[in-house]
Amino acid sequence: MEACTSNPKPGETLDYVVGSELIADVWDACCKAYKCRDFHETEIKKNVIIIAFCGSQKVTDFITENDFDECKINSYNQHFESMHDGDVENSKPALVRKLFLDRFLCMMQSSKLGDKIQQYQTGKKTEKVTEKKTVILAGHSFGGAIASLWTLWALEQRWENSPLCITFGCPLLGDKIFSRAIEREKWSPYFCHIVSRHDIVPRLCFSSLKSLPISKALDRLLPYWNDSMQKGDNQQKVQDGSHALPQEDSLSFIKQVIADTSQLVTHETRALVVGSANLVGGAVKCLIKRSPYRPFGYYVFCSSSGTACCIENTEAILQMLYFALGNSRQSGACIMEHIEYGKTIAQISKSSSLIPPCWKTVNNEIPPYWKKNENFSTDEVALALQLEAMGIGVQNVQAWLGLKIVEENKNKLTKNMDQQIIKLDEMQNYMAELELYKISCEKDGSLGYYDFFKMNWTKELPNDLPNDVKWINANKNRFKLAAFWDGICELMEKEELPNDLPNRVKWINAGTEYRLLVEPLDIAHYYRLGKHEDSGHYIAHGRPRRYKLLQKWLEDKEKKGEMQSKKRIQPAIFTQDSCFWARVEEVHSKTDEEKTCFTEQLKQKMADCELSKDVFLDDNTFMRWWKSYPNLSAQEKQSFSYKYPVMLLPSAEG
Amino acid sequence: MDLDWPNPPKFSVGQELATLIATCGILPKAWEAIFSFSKNEDDSFLLEKDEDVVYVIFPSFRNEDFIASDSKYGECNINNQKIFSAGLKGDVDKPALVHKGALNRFLHILENPDFKAKMQELKEQNIIFVGHSIGGAVAALATIWFLEKRLRNSNSFCITFGAPLFGNATLQEAIGREDWLGRFCHVVCKYDIVPRMYLAPYESIANSLDAIVPHWRSKMSTECIDVSHLSMSEACINILNNVVKCTSTIANNYPGVRSPYVPIGTYMFCSTHGAACFEDSEAVLKLLHFSVQGQEGIPFDQIAGTCISEHTDYGHMLEGIDEALLNARQFANLVSNSSFEIGIALELEAIGVGAQDNHVFLALKKAGEAKNEKDMNIEKLNVQLSTNQSFLAQLEWHKMNCKDKNSCSYDSFKQQVEKKDFYVNLARTKLGGFWDEIVDMEEKHVLPSDFRTRNKWINAGTTYRRLVEPLDIAFHYRTDKENKSYLSDEVRPHRHIVLEKWMKEKEQTRSGRERRGRTNFASLTQDSCFWAHLEEARKALMSLQQGKDINASLEVCVEFETYVKSIITDKSISIEVFLDQSSFMIWWQQYSQIQLQSPQWRSNSPLYDFMANEGCKKKV
């Protein structure tokens, strides 16, 4: 319906990379990167370039101010403009791990990597690079997080092609706002995180860095992991993980991670089922600090037996992160699997049984019990398959239930969406009626629909319904439309509609049309009832949230450059500033200076053809003010109106 | 919108909740604090700060707290001392009852000026009230007391270990109305006797308690008390016997006298297999019975021993619990196809009750379905409310239209001057039906317990009442044959009475916030019965003019005059009342003519100045 992804099918590219031998090359590059300071670059066949980032970490990096080392993504930089929650007033920026952001910013300054990626992607001609290349940004462990940030940076540039990001055992990077923003922008397919079933690192971010078992274990583990990766040779480094960490430390370490993970995941699960109801969970929530981090992008979970499954839903990834680990107490595996991706990948490519994200078509290997019971839906069987692939097993009812809750929630969103689309169609009728109302009001030639709705009419129109009957009908339609859009806002707030709705052109257009046509009526109603005397002027005190939100959707989209309005050559049908009438009502109480400012703006708007012709109907609220406005010479007033060609129209018709 | 009602619930997440609470680290901290504190006999409470959470700890028990022999179950009215707000009552002014021992202990602590001063300091913090045994009941009372202060920036929560049931259904209802039930979490060991013991009459357990309480005290403190083992085990068996007798009556719904106490808040049952949380009061009552039933093969006296020892053994139990919770259970055979039922089965499994126990299973299922139905109902009402907005809009328009013609919507509707009034009547009936249904649903308890304190519905109901009740009044006086007053019994529709009551109750709880005085006249007269008062005054005026019942009638008129003056002063009257054609103005003209015959009236009348100066006209 709407195409906003630039790279044609990132998902396919992803399949191509992960499903082929290319993945082994990517892993090799990641290993080599450990010997470099920042990153390692190689070109392999067919113009595929891999840039792998070094993943080594110092223990001192983990001494931080706050428990989870989070910071706002827009601190000290403006590279990530789309990463916010899209709220109307004071929208919140996403949070990311400060450690990674700092390192990214540092690289951004010190190296020319940004320019390089741009050259590869846009194919700008320079001495060496002459054509576009497929770029894969990759990294193991912490390098994966850096690779993700670089990819995100590249996506924010909105080039025609964007690099692909592949990580191995990457820690979580951003919070919920971050992952929702990536979903909203439809960037998930550009990120592929490969996670070995027991690898502890992706789960580490659920624990506070200040908790004792964690910091104690990291003291020993980080050097061990770094050393093993730097030595590089797969065969030699495989010693038992217990060499790195005493048994009891590693047990308490793993236990802590599992407890923190389970805490977060069970809370999320609960929230999906009972909503934000103020029950025990809600009260406890405020009392404990919980990690802000959430997964984003695609996750490929690999088991040691060579099976794998790909999951794209954030909530489902969370469940999998928990249940894949929570079920086992293999502390050795938890530590070792982090550096054994080479082995894991080899296993997968041998058995090549990657379960794709759209795995509903898979039909083999259903465990006997589930086959027997024919009452299970395909969805449920698919979930079972996923669990089997991970080696968790369908017998783990809790895991199965957890995944099912997530699935159910996703279905609910789709169902809601379908319902709203049907309703939107229905709303078009009311919109059409209101448009008719507007036209029939303008027939008079002296008042527009704004003044009619404000009940300023002086005479009944000939050959038409009585004014008050028309008023009632218009008001009914106004209410129905308001109820609909308020409903949309409410569902959006409750996160019960797909996250990318504000990014869909269809909805932005429908919302804008509604706003331009109906908001003047709301303003008329507001001033007609004299509410401005009670609670202040409309724009500051009375503007319904729905209009603010709809306006914001449009502005966001325009800012991204994905929806550019062309320059008008004819006056608009609807005044493009939906608050225009509120400004007119307000101007009476303004100082002279502000009034002058307002007239200046008007002239600009007129030049841009943004004012609709009903603004200039002789007798309406605006023209009455305009004519009586003392600071303009008669000539100026004349010129203002005469410059506007359509001004002649009503009289010509009359 | 087509939603298919009724819709069975899809999931049950009692176990997730238990995991959440068990892994967040609050429980061990709380228990630790209680345990170390209970060694100390003299203090009545203790504050402990841990990062940004403050724990308020109450001591486990003193012997005398268990004793409450004045009434059968040791209950008494919560508001004997006027410490709690009057809001803690049932619909028909049934008092909320609590356990007297716990209440007295709490009142005693409250007398301590230190306590009040310290609580004052804690205004803007996260507070967890914790207590063990009777101390748990005290903590719960303290939480209620604290919540009733309605501090905006504080977040309070109550955790108890092995606390006895402390309040009756009325208290539960009152707490549910405020949506506070989620602030109470009672951790209960599967076999612990205390949470269930007050379900038996105090008399039947008094003797055994005498023997057992010292034993508990010795466990909780360093102090050594000799307890003879023989009398102990006898007491154990005795108390368990008596308690189980009563719980089985309750759990199986046999007729008989029931203890007033009900579970209030969320109960987290713990066993060696794990833990699960339950929110439904009925289901918890059943669980309290069935969880001691135990597995076959365990001798009764052993269970009896466990019942007593588990009460002081929470520390040990907590150690094992997170481990047990994280071990996912494996189901060889799924009990059913519905994930909701599987969820319940998992919960029961976790507390070692066994999914085969049908009573509990069904109770939990019923509770889940009832809750789901409530949520569905409210969703349905939300949809209806927004469609009904258009009727309200129609009535509002009618009102404005009338104002333009210089008359009130009330008079216009009463006299049925226009054809359009037919549509107004239609809208009036539709809205009446809608609100009748809501009030009916609330009274049948098929809406969420806090429905009537939700701002959205209070506001919608108040707007409806102020706009439409005048029309209902007009309709009454237009069609009334028996010359009955609208305000007399049985005439005013039930919905208006109830809606007004809800609003008033809500306003009482809002009293902490200063309400801004009005500067302009209201757009809708705030007292929706204004016109009914006017009609009564008109009747009185009529009989005055006819010279009947002069004194009584005059009194009514004067009273009305004072009433109008008062609502003019606080500007809660709408200006449309003063429009030329309004029946109020007509009444005033006739009334002042009569009154002007007496010379001193002019200076005494509360309204005369206002009306004569046409203070009202300026506003119009």
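A residue is taken as buried when its relative accessible area is under 20%, as exposed when that area is over 50%, and as partly exposed in between. In the predicted model described here, B:Glu341 has a relative accessibility of 17% and therefore counts as buried. The side chain of B:Glu341 meets that of B:Lys365 in a salt bridge, with an N to O distance of 2.9 Å. This pair links distant parts of the chain, B:Glu341 belonging to helix α14 (residues 339–350) of chain B and B:Lys365 to helix α15 (residues 358–404) of chain B, with their positions 24 residues apart in sequence. B:Lys365, in contrast to its buried partner, has a relative accessible area of 23% and is therefore partly exposed.

Salt bridges were examined further over the whole structure, where a search of all chains finds 48 of them. Side chains of opposite charge can pair when their charged atoms come close. In chain A, A:Glu185 forms a salt bridge with A:Lys560, and the closest N and O atoms are 3.0 Å apart. The two residues come from distant parts of the chain, 375 residues apart: A:Glu185 lies in the loop between α6 (176–184) and β8 (191–196) of chain A, whereas A:Lys560 lies in the loop between α23 (545–559) and α24 (580–587) of chain A. Both A:Glu185 and A:Lys560 are buried. The pair also belongs to a network of salt bridges in which A:Arg158, A:Arg184, A:Glu185 and A:Lys560 are linked. A further salt bridge joins A:Asp500 to A:Arg504, with 3.1 Å between the closest N and O atoms. A:Asp500 counts as buried because its relative accessible area is 11%, and A:Arg504 is likewise buried, at 15%.

Helix α20 of chain A, which runs over residues 505–528, contains 24 residues. The distance from its first C-alpha to its last is 34 Å, close to the 34 Å expected at 1.5 Å a residue. Within α20(A), a kink of about 40° is located at A:Val518, shortly before the proline A:Pro520. The helix is mostly covered, with 19 of its 24 residues buried. Just after α20(A), A:Gly530 adopts a positive phi of about 70°.

Chain B comprises 25 helices and 11 strands. Of its 620 residues, 56% count as buried. Among contacts in chain B between residues at least 6 apart in sequence, 77% join residues at least 24 apart. The accessible surface of chain B amounts to about 27200 Å², and 49% of this area belongs to carbon and sulfur atoms.

Helix α20 of chain B covers residues 530–545, and its 16 residues should span 22 Å at 1.5 Å a residue; the end C-alpha atoms are 22 Å apart, in agreement with this expectation. The buried residues of α20(B) include B:Phe530, B:Trp531, B:Leu534, B:Glu535, B:Leu541 and B:Leu544. The packing partners of the buried residues of α20(B) are α16 (409–415), α18 (455–479), α21 (550–569) and α22 (583–595) of chain B. After α20(B) comes B:Gly547, with a positive phi near 75°.

Individual nonpolar residues of chain B were also considered. B:Ile458, located in helix α18 of chain B, has a relative accessible area of 4% and is therefore buried. Apart from its neighbours within four places in sequence, B:Ile458 is in contact with B:Arg452, B:Thr453, B:Trp502, B:Met503 and B:Lys506. The C-alpha atom of B:Ile458 is separated by 7.6 Å from that of B:Leu499, a residue 41 residues apart from it along the chain. B:Ile237 belongs to helix α10 (residues 229–251) of chain B and counts as partly exposed because its relative accessibility is 28%. When neighbours within four places in sequence are left aside, the contacts of B:Ile237 are with B:Phe300, B:Asp301 and B:Ala304. B:Ile237 and B:Ala139 are 98 residues apart in sequence, and their C-alpha atoms are 29 Å apart in space.

On the surface of chain B, B:Phe422, B:Tyr423 and B:Leu426 make a nonpolar patch of about 320 Å². B:Leu426 is placed in helix α17 (residues 421–443) of chain B, and its relative accessibility of 39% means that B:Leu426 counts as partly exposed.

Methods
Residues numbered from 1 in each chain as written. Chains lettered and ligands numbered in written order. Predicted model: local features only at pLDDT ≥ 70, side-chain atom pairs only at ≥ 80, totals over all residues. Heavy atoms only, no water. Helix = DSSP H or I, 4+ residues; strand = E, 2+ residues; numbered from the N terminus. Expected span 1.5 Å × (residues − 1). Bend = angle between axes of the 7 residues up to and from the residue. Buried < 20%, exposed > 50% of the residue type's maximum accessible area, 1.4 Å probe, protein only. Patch = residues over 30% accessible without salt bridge, like charges linked within 9 Å, V, L, I, M, F, W, Y side chains within 5 Å. Areas by Shrake-Rupley, 256 points an atom, 1.4 Å probe, with all protein chains shown as cover. Salt bridge = Lys/Arg side-chain N within 4 Å of Asp/Glu carboxyl O. Contact = heavy atoms within 4.5 Å.
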